[in-house]
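User: I am new to this structure. Please show me how to read it, feature by feature.

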Amino acid sequence: MTIALPASLGLAGEDVRGVLALARTSTSGVRFEVRPDQIELHTPGPHTRETRLACGVALLNVRLALQAHGIRPLVTLLPGPSAGDAAAAVRLGGYREPGPDVLVLLHALRSARRTWTAFPEPASWRGLLSRAAEVERAWLHVRTGAELVLCTFNQGAAAEIRAGQAMQRVVLTAATAGFAVSPALDPASPSALRADLRSCLGNTLVPQVVLRLGAG
C-alpha cells in the first residue's frame, strides 16, 4: 500500500514523492519529514560525521529536485528543536526556472551512470571540479594524480553537511563530463588527513572526504 504524502512547498503530494525519490539517489538511511512549509532531513540514528555527510548528499539532491520544479530552495542547516533536531530543513525561497547548469546535473542524477571507459586528463577536470566544490563553499585539493581531498573552511556538524553537498555536486559534475569520481573505500580520518596535509593546507582548510578519479 502506498502512503499518501502531504503537499509541501506548493507541490502536490505526488510531486513531493518524486522529489524524495530523487533525493534518495546515491545515499540511504536519510529520513524525511514532510510538512506544508518545509521538508526536513534527519540523520539515521545518532548524529555522526558519516550520517551528516549522507544527509549532505541527500540535501543536494533535494535542492536539485526542487529546482526542477522551478522552486528556489531555502536551506537551514541544523535548525534546532523546532524541526526535531533535523540535520537540515528546506523551505520555499521563491520561484526560478532551472538553468542549464541545474538541468545537466539533474540528468546525471537521474541516469545514475556508473560505467566509464576513459580516464580523464587533468586539464579536463581540475577547473571543472574545483568550481563545483566552491559552489558549495568547499575546496578541492589535488593530493595525487587520481586522488582528491574535499575540504571545508571550518569544522563541525554544519561543515560536514556542507561537505556532503559538495561531494555530491563534484560527483555529479564529473558524470556530466563522462568520468567517475567516488569516495575512497578506505578513507583516512579527518585528523590524520589534516596532519598529513598541514604543509599544503595550513590551518584554514579542514579535510573532510577523500575522493578518487577513475574509469569506473
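Analyst: Start with Leu78. Leu78 is partly exposed, at 34% relative accessible area; buried means under 20%, exposed over 50%, and partly exposed lies in between (1.4 Å probe, protein chains only). The model is predicted: local features need pLDDT of at least 70, side-chain atom pairs count only at pLDDT 80 or more, and totals for chains, interfaces and linings use all residues. Residues are numbered from 1 along each chain as its sequence is written, and side-chain values use heavy atoms, with hydrogens and water left out.

User: Where is Leu78 found, and what is its phi?

Analyst: Leu78 is found in strand β3. Its phi is positive, about 50°, although Leu78 is not a glycine. Leu9 also has a positive phi, near 55°. Leu9 is found in the segment before α1 and counts as buried, at 4% relative accessibility.

User: How are the strands ordered in the sheet?

Analyst: Helices (H or I, at least four residues) and strands (E, at least two) are DSSP runs, numbered from the N terminus. Two strands pair if DSSP finds at least two bridges between them. Here four strands form an open, antiparallel sheet in the order β1-β2-β4-β3. β1 (31-35) and β3 (71-80) are the edge strands, each pairing on one side only. β1 pairs with β2 (residues 38-42) over five bridges. Phe32 has Leu41 in β2 as its bridge partner.

User: Which helix lies across β1, β2, β3 and β4?

Analyst: Axes are lines fitted to C-alpha atoms, for helices over the stretch in contact; angles run from 0 to 180 degrees between N-to-C directions. Contact means heavy atoms within 4.5 Å. Helix α2 (residues 49-68) lies across these four strands, at about 155° to β3. α5 packs on the sheet too, touching β3 and β4, and makes about 145° with β3.

User: How many residues has the largest nonpolar core?

Analyst: A nonpolar core is a set of buried Ala, Val, Leu, Ile, Met, Phe, Trp, Tyr and Cys residues joined through side-chain atoms within 4.5 Å. The largest has 33 residues; Val30, Phe32 and Leu41 are among those with the most contacts inside it. α2 gives the largest share, nine residues.

User: Is Arg162 buried or exposed?

Analyst: Arg162, in helix α5 (residues 157-176), is buried yet has no salt bridge. A salt bridge is a side-chain nitrogen of Lys or Arg within 4 Å of a carboxyl oxygen of Asp or Glu. Lys and Arg count as positive, Asp and Glu as negative; His and the chain ends are not counted. The nearest side chain of opposite charge, Glu136, is 7.5 Å away.
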